[in-house]
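Please work through the following exercises with the sequence and the model side by side. Try each task on your own before you read its solution.

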Amino acid sequence: MKRLKQHAIWGQRGSFILAATGSAVGLGNIWKFPYITGENGGGAFVLMYLVCIALIGIPIMMAEIMLGRRGRANPATTMLNISQELGVSRLWSVIGWMGVLAGFLILSYYTVIAGWTLEYFERATHGSFRGLNGDTSNALFSEFLADPTRLIFWQSLFMAMTVLVLAFGVNKGLETAIRWMMPLLFVLLIVLLGYAYSSGEFATSLRFMFSFNPEDLSWEAALVALGHAFFTLSLGMGAIMAYGSYMPSTASIGKTVIVVACLDTLVALMAGVAIFAFVFATPGISPSSGPGLMFVTLPVAFGNMAVGTIVGAAFFLMVILAAWSSTISILEPAVAYVTERFGLHRITACVLIGATAWALGLGSVLSFNHWADVQILWGKNFFDSMDFISTNMLLPLGGFLIAIYVGWVMTREQAEHEFRHDSVGLLKVWRFVLRYLSPIAVLAVLINGIFPLLTTVFSE
Ligand code: PHE
């Protein structure tokens, strides 16, 4: 098999875990998870989400890393190399291709939202949350969204931050950045949780997140939980495959994946508990306030706290770090592809892809103001369409194809070759889940995503 000589390997122990956790922990954990928990009834949703992570997320993540480490190249070349080695159709490299495309689309809008966190960090440090109530906070947020120039400024800055890290390369850029970002993120999270414990409605928050009410179990919520399990673990688009390709052959994949999935879940739960503790401690605001939870509701809570400026700034700094360590993982597969396939210099590749994704992101910026009513897909504006195509379609489809490829196209020996350091029992369960449970569950999410779309089309 053709190996790429220049392909990097993580230089230090623990770097893969930190980088994969950095990829996984992002806006999905701190922005999305708390509000979808709020919207879907709390404890019952959390339980379904945990089941999805354990039964679907972990097995697919193991498969992705295995492929990356075996192929030792960017996702598209990895899939091509392995397929040639196995003597199966080269068409399977579509998994890598789709991943590169999905990453490109996600990057375009993810940097827009990540940009908002820069604005809110600045606001927090200036004490602008002081004395806010629900209405004034809402007005402040709407005013911000109505100003494309400001949105573009922050979007550009976030993209530049992402490009900057990757331009330095896998070891000097990515690895170095991740080794200071992740510890700082965890320290900030623990400080925030400690503060929530001492001053917020910590017990009410815990009850909200973990009290299980069987009536809240629903098929719809289960599908939201499963879709989110994909997004939050960065699965189905090659980010984890690319990081896996830098993993030394001696590391145990199973154990590593369990650590990453646990850390990702822990951050989502800790962020959720802290956020709801702040929300419950502030009269007049509610936990089920949807996507505005982080940008409208939380600033009210910070504005009414004794040391709200510091707590608010610490919170938004934490979100910036989380989003930043994710955007670099979203850009990496495409950069690896272009440098390895076309021999482009890494800096040129980073700037070129970053600039193109940035240009596409302008459509998402405008979706919050001038183009709010311009529909791209049925009933969806530009931003919602990008999110829908990538998160609801390409990621689950990528996950489905990975499960079929590793579970059915590869033989047991081929699939288990990279798992020399893992226990036989774990591998048995893994293979069974990957062959049967994962594809069926992922198909259910996909159909659930497409079905409402079809009904809209046919009812027109
Ligand atoms: N996992 C990231 C988050 O939760 C998002 C992401 C998706 C990152 C896909 C990489 C790939 O925010």
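**Exercise 1. Where in helix H3 is the kink centred, and what is the distance between the end C-alpha atoms of this helix?**

Solution. Begin with the bend: in this predicted model, H3 has a kink of about 35°, and the kink is centred on isoleucine 53. Next, turn to the length of the helix, which runs over residues 43-71 and so has 29 residues. The expected span is 1.5 Å times one less than the number of residues, which gives 42 Å for H3. The end C-alpha atoms are 40 Å apart, and this agrees with the expected span. Finally, look at how the helix sits in the protein: H3 is mostly covered, with 24 of its 29 residues buried.

**Exercise 2. Which residue just after H3 takes a positive phi, and is this residue buried or exposed?**

Solution. Follow the chain beyond the end of H3, where arginine 72 takes a positive phi of about 50°, although arginine 72 is not a glycine. This residue is found in the loop between H3 and helix H4, which covers residues 75-86. To decide on burial, compare its relative accessible area with the cut-off, since buried means under 20%. Arginine 72 has a value of 12%, and therefore counts as buried.

**Exercise 3. Which residues touch the most other members of the largest nonpolar core, and what does tryptophan 430 contact?**

Solution. The largest nonpolar core holds 164 residues, and those that touch the most other members are Leu67, Phe315, Tyr405, Val406 and Trp430. Helix H14, residues 308-342, gives the most to this core, with 20 residues. Now take tryptophan 430 and leave aside its neighbours within four places in sequence; the residues in contact with it are then Pro59, Met62, Ala63, Met66, Val406, Ala415, Glu416 and Phe419.

The residue just before it in the numbering, valine 429, lies in helix H18, residues 424-459. Exposed means over 50% relative accessible area, so valine 429, at 53%, counts as exposed. Its C-alpha atom is separated by 9.0 Å from that of proline 59, although the two residues are 370 residues apart along the chain.

**Exercise 4. Which residues come nearest to the ligand, and which of its atoms lie at 3.0 Å or 3.1 Å from the protein atoms described?**

Solution. Start with the surroundings: there are 14 residues around the ligand, of which Ala24, Gly28, Tyr110, Phe231 and Ser234 come nearest. Then go through the polar contacts one at a time. An oxygen atom of the ligand lies 3.1 Å from a backbone N or O atom of leucine 27. A ligand nitrogen atom is 3.1 Å from a polar backbone atom of threonine 232, and a ligand nitrogen atom is 3.0 Å from an N or O atom in the side chain of serine 234.

Serine 234 deserves a further step. This residue is found in the loop between helix H10, residues 219-232, and H11, and has a positive phi of about 60° although it is not a glycine. With a relative accessible area of 10%, serine 234 is buried.

**Exercise 5. Which residues of helix H7 are buried, and which helices do they pack against?**

Solution. First check the helix itself: H7 covers residues 148-167, and its 20 residues should span 28 Å, which agrees with the 28 Å between its end C-alpha atoms. Its buried residues are Pro148, Leu151, Trp154, Gln155, Phe158, Met159, Met161, Thr162, Val163, Val165 and Leu166. These residues pack against helices H5, H6, H8, H14 and H15. H7 is followed by glycine 169, whose phi is positive, near 100°.

**Exercise 6. Where is serine 252 placed, and what does its side chain reach?**

Solution. Serine 252 has its place in the loop between helix H11, residues 239-244, and helix H12, residues 253-280. With a relative accessible area of 11%, this serine is buried. The side chain of serine 252 reaches the backbone nitrogen of lysine 255 at 3.3 Å. Leaving aside neighbours within four places in sequence, serine 252 is in contact with Met247, His421 and Asp422.

Conventions. Residues are numbered from 1 along each chain as its sequence is written. This is a predicted model: local features need pLDDT of at least 70, side-chain atom pairs count only at pLDDT 80 or more; totals for chains, interfaces and linings use all residues. Side-chain values use heavy atoms; hydrogens and water are left out. Helices (H or I, at least four residues) and strands (E, at least two) are DSSP runs, numbered from the N terminus. The bend at a residue is the angle between axes fitted to the seven residues ending there and the seven starting there. Buried means under 20% relative accessible area, exposed over 50%, partly exposed in between (1.4 Å probe, protein chains only). A nonpolar core is a set of buried Ala, Val, Leu, Ile, Met, Phe, Trp, Tyr and Cys residues joined through side-chain atoms within 4.5 Å. Contact means heavy atoms within 4.5 Å. A polar contact is a pair of N or O atoms within 3.5 Å; within protein, one must be able to donate a hydrogen and the other to accept it, and residues adjacent in sequence count only if both atoms are side-chain atoms. A residue is near a molecule or strand if one of its heavy atoms lies within 4 Å of it.
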